[in-house]
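Here's a quick tour of a two-chain model, going from the contact between the chains down to single backbone angles. Have the viewer open while you read.

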Amino acid sequence: MTAATKLYNPDAVKNIKKEKKAWEEQTFAPHKKRSDDFHTLSAIPIQALYTPADASDLNYMQDLGLPGEGPFVRGVYPTMYRGRSWTIRQLAGFGPPEETNMRYKFLLKEGANGINGVFDYPTLRGFDSTDPMARADAGRGGVAIDTLEDMQILFDGIPIEKISTSLVTCQPICNITVQSMYFANAQLRDLALDQLAGTSQNDFLMETVVTIAPEVLPPRASFKLSCDAIEFCTKHVPRWNPVSFSGYNYRESGCTAIQEVAFVICNAIACCRELIRRGLDIDSFAPRLSFFLSAHNDFFEEIAKYRAARRIWYRMMKERFAPKDSHSLRFRFHVQTAGVALTAQQPLNNIARAAYHGMAAVLGGAQSVHIDGYDEALCTPTELSALTALRTNQILQLETGVTRTIDPLGGSYFIESLTNQLEEKILDLLEKIEHMDGIVRAVETGWIHQEISNAAYAYQQAVDSGKMPIVGLNCHRVKEEKLPMDLFEVPETLSIQEKKINKIKKKRDAAKAQRALEAIASCCDQDGNLMEVIVESVKSYVTEGEISRTLKDRYGTWTPPLF
Amino acid sequence: MKKSIRVLIARLGMDAHWRGSIMVARALRDAGMEVIYLGNQLPGEIVEAAIQEDVDVVGLSTLSGNHMILAPEVVKLLNAKGAKEKMVILGGSIPPDDIPKLKGAGIGEVFGPGTPFRNIIKYITKLAS
């Protein structure tokens with residue numbers, strides 16, 4: 001690097017280093033410190049003070065650039081929040097679709113910009129509400145969807161051609177059917193698929209590593225379903241983000257910020273390779289790949305993490321796939337504040353926690369943000385908790401002034417140094433996984449799970465020992481705590497879903513339903529694109545459970561090496 | 001040599017969070033107990049495995065909210081199969097109001113979010129020996 005491209009005058013840096021050393025010895029050293037060991041949540045050592053010397057290797061235009069231009073460290077869009085603030089996308093879903101439909105309308109009325117719909121445990125796993133395994137979980141953790149009729153009810157009266165919808169389908173086995181139902185519902189409403197905008201989660205790591213439940217599809221099959229949905233959307237639903245690589249959930253399971261970014265990028269690279277193998281051009285789908293990250297407790301590390309992720313993605317995509325469209329190089333992401341950082345103790349404290357998390361997300365340049373409800377360590381958010389979270393997001397957006405300039409922490413010696421260090425560590429991990437023959441293999445061997453589990457264990461030990469203070473949990477506790485609010489009760493779901501399923505099974509054309517399932521089975525056998533078939537199949541009102549049963553029959557199930 | 005305490009860990013129903021149950025399983029193993037990790041099951045299968053594996057303790061985990069339905073069923077089935085002596089404990093996100101009801105239904109102890117490993121280990125060691 002020539003002196004002309006260096007961020008700081010090399011002579012000045014030399015002098016700063018000298019002066020800092022003297023300061024450390026004479027001014028700083030004599031004073032008492034709380035500890036000698038300061039580090040980030042992912043164990044990167046933190047110095048007492050950062051100076052230009054810690055960021056002096058940066059080549060500004062190459063390493064940081066300008067917003068809307070590579071390497072996008074300062075932001076993926078030219079105007080960032082000056083043009084349009086981040087989308088407020090509050091997660092919602094519980095009980096039968098009739099109830100969740102009302103919550104969606106409530107949030108939209110109160111100023112949410114888009115829907116962020118989450119599905120209940122049985123739906124996410126491809127089970128009908130009436131399955132014996134599902135009987136105690138229908139309507140829990142999200143909304144229950146069994147057939148296309150439920151999807152029609154869920155979005156009844158909501159202008160899906162005007163707002164964008166995020167479908168938190170998590171696992172590909174859920175996504176392949178639920179997303180198909182969303183599309184089929186639009187077609188029945190006489191909307192063309194290219195009018196629809198939204199995102200679906202559709203991450204195979206969700207199915208095989210993160211949220212393990214009964215009857216997991218083998219990693220390769222789950223990965224195939226994920227790629228089928230991406231391919232389908234690339235061809236038919238160009239404004240849809242067909243995958244949201246869910247680092248958030250990896251993080252909730254226990255991994256570090258470094259692992260979170262390394263695993264999502266590895267996953268995305270694997271999808272790119274597979275879609276190119278299927279004959280798609282990189283620029284036809286890469287601009288629509290999206291990411292989902294956590295905002296955890298370590299404020300500065302989280303901000304640096306988002307910035308590092310943007311630089312890594314830009315460089316990797318460029319090197320490996322040489323796309324022509326610069327949109328293929330932009331790391332766009334949604335953030336949810338860390339649920340795992342919330343406490344069941346003194347739950348109102350979570351309002352403060354989630355607000356800090358949300359601020360880290362927007363100082364890091366997030367495209368959309370969900371702020372957690374204060375009661376999420378105890379139950380599904382009540383209407384009051386959901387509204388408070390929405391208002392926290394709005395306060396951040398309208399009152400704090402964080403939207404006025406782009407990447408306000410860019411150029412902070414500490415943030416730039418941390419961004420560089422995170423980048424280096426993430427790249428090391430990415431290389432390690434590549435040597436294992438990529439992410440699908442690393443999942444099959446149980447390595448990814450083991451890594452997450454080890455990090456989670458270390459985290460818990462740090463909390464247990466008090467080394468990591470958590471207010472209200474291992475310090476500043478309240479004796480004989482009394483819960484200051486009402487908790488959410490899941491409305492009756494199973495009997496409502498059961499009634500609808502029974503009615504549909506009687507009413508539907510049985511032969512047509514049978515043919516629809518056979519078409520899915522033969523699509524599996526011919527290795528065709530399953531979403532092409534399932535979007536049509538769901539119109540025969542086959543249930544989600546019937547579809548996933550067919551897939552499990554064809555692909556078998558897998559026992560993840562968990563313990 | 002003293003026989004080590006045998007613990008079965010299972011996740012109730014369709015709950016999809018493994019973090020809590022795996023962390024506790026690891027902590028109990030590190031504390032010298034023998035741990036059998038069952039994954040997701042319904043009460044019938046959990047009780048069957050508990051009897052077959054001859055465990056001292058059945059540890060249930062759930063964050064989905066299904067605990068009021070499924071956890072008491074495990075106790076009931078154990079009693080019906082003459083395995084009343086096995087201790088049943090529960091971990092996960094359990095609303096405080098549910099805890100007395102669960103204990104009334106025969107759950108030995110409920111460990112909510114943020115419980116230190118040592119509390120669980122201490123409880124099991126004290127009651128199983």
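How many residues does the contact take from chain B, and how many from chain A?

## Where the chains meet

The contact uses 35 residues of chain A and 29 of chain B. Keep in mind throughout that this is a predicted model. On the side of chain B that touches chain A, four elements each supply at least two residues: α1 (19-30), β2 (34-41), α3 (67-80) and α5 (117-128) of chain B. The biggest giver there is α1(B), with five residues.

As for chemistry, that side of chain B splits into 15 nonpolar, 10 polar and four charged residues.

## Chain A as a whole

Chain A has 21 helices and 10 strands. Its C-alpha atoms fit in a box of roughly 85 × 60 × 45 Å along the principal axes. The radius of gyration is 24 Å, and that agrees with a compact globule because one of 563 residues would come out near 24 Å.

Of those 563 residues, 51% count as buried. If you look at contacts in chain A with a separation of 6 or more, 78% of them link residues 24 or more positions apart.

## The five-stranded sheet

One open sheet in chain A has five strands in the order β1-β10-β9-β8-β7, with parallel pairing. Its edges are β1 (87-88) and β7 (243-246) of chain A, each of which pairs on one side only.

Let's zoom in on one of those edges. β7(A) is joined to β8 (residues 289-295) of chain A by four bridges, and the two run parallel. To find the register, look at A:S244, whose bridge partner in β8(A) is A:S290.

## Around β4 and α6

Now for β4 (residues 164-168) of chain A, a mostly covered strand with four of its five residues buried. It pairs in the parallel sense with β3 (residues 114-118) of chain A over five bridges, and with β5 (residues 198-200) of chain A, also parallel, over three bridges. A:S166 is a handy landmark in β4(A): A:N116 has it as bridge partner, and it also stands opposite A:T199 in β5(A). From β4(A) the chain passes through α6(A) to β5(A), making a right-handed β-α-β crossover.

What about the helix in that crossover? α6 (residues 172-188) of chain A has 17 residues and spans 24 Å from first C-alpha to last, close to the 24 Å expected at 1.5 Å a residue. Like β4(A), which is mostly covered, α6(A) is mostly covered too, with 15 of its 17 residues buried. After α6(A) comes A:D190, with a positive phi near 65°.

## Backbone oddities worth a click

Where does A:P71 lie? You'll find A:P71 in the loop between α2 (60-64) and β1 of chain A. The peptide bond leading into it from A:G70 is cis, with omega near -5°.

Two other spots have positive phi without being glycine. A:A43, in the loop between α1 (10-28) and α2 of chain A, has a phi of about 70°. A:D437, in the loop between α15 (413-435) and α16 (438-444) of chain A, has a phi of about 80°.

Is A:A43 buried or exposed? A:A43 has 11 C-beta neighbours inside 10 Å, so it counts as exposed. A:D437 has 11 C-beta neighbours inside 10 Å as well, so A:D437 is also exposed.

Notes: Residues numbered from 1 in each chain as written. Chains lettered and ligands numbered in written order. Predicted model: local features only at pLDDT ≥ 70, side-chain atom pairs only at ≥ 80, totals over all residues. Expected span 1.5 Å × (residues − 1). Buried ≥ 20, exposed ≤ 12 C-beta atoms within 10 Å, placed from the backbone. Contact = placed C-beta atoms within 7 Å. Nonpolar A, V, L, I, M, F, W, Y, C, P; charged D, E, K, R; others polar. Rg over C-alpha atoms; globule rule 2.2 N^0.38 Å. Pairing = 2+ DSSP bridges. Right-handed = clockwise from strand over helix to strand, strands pointing away.
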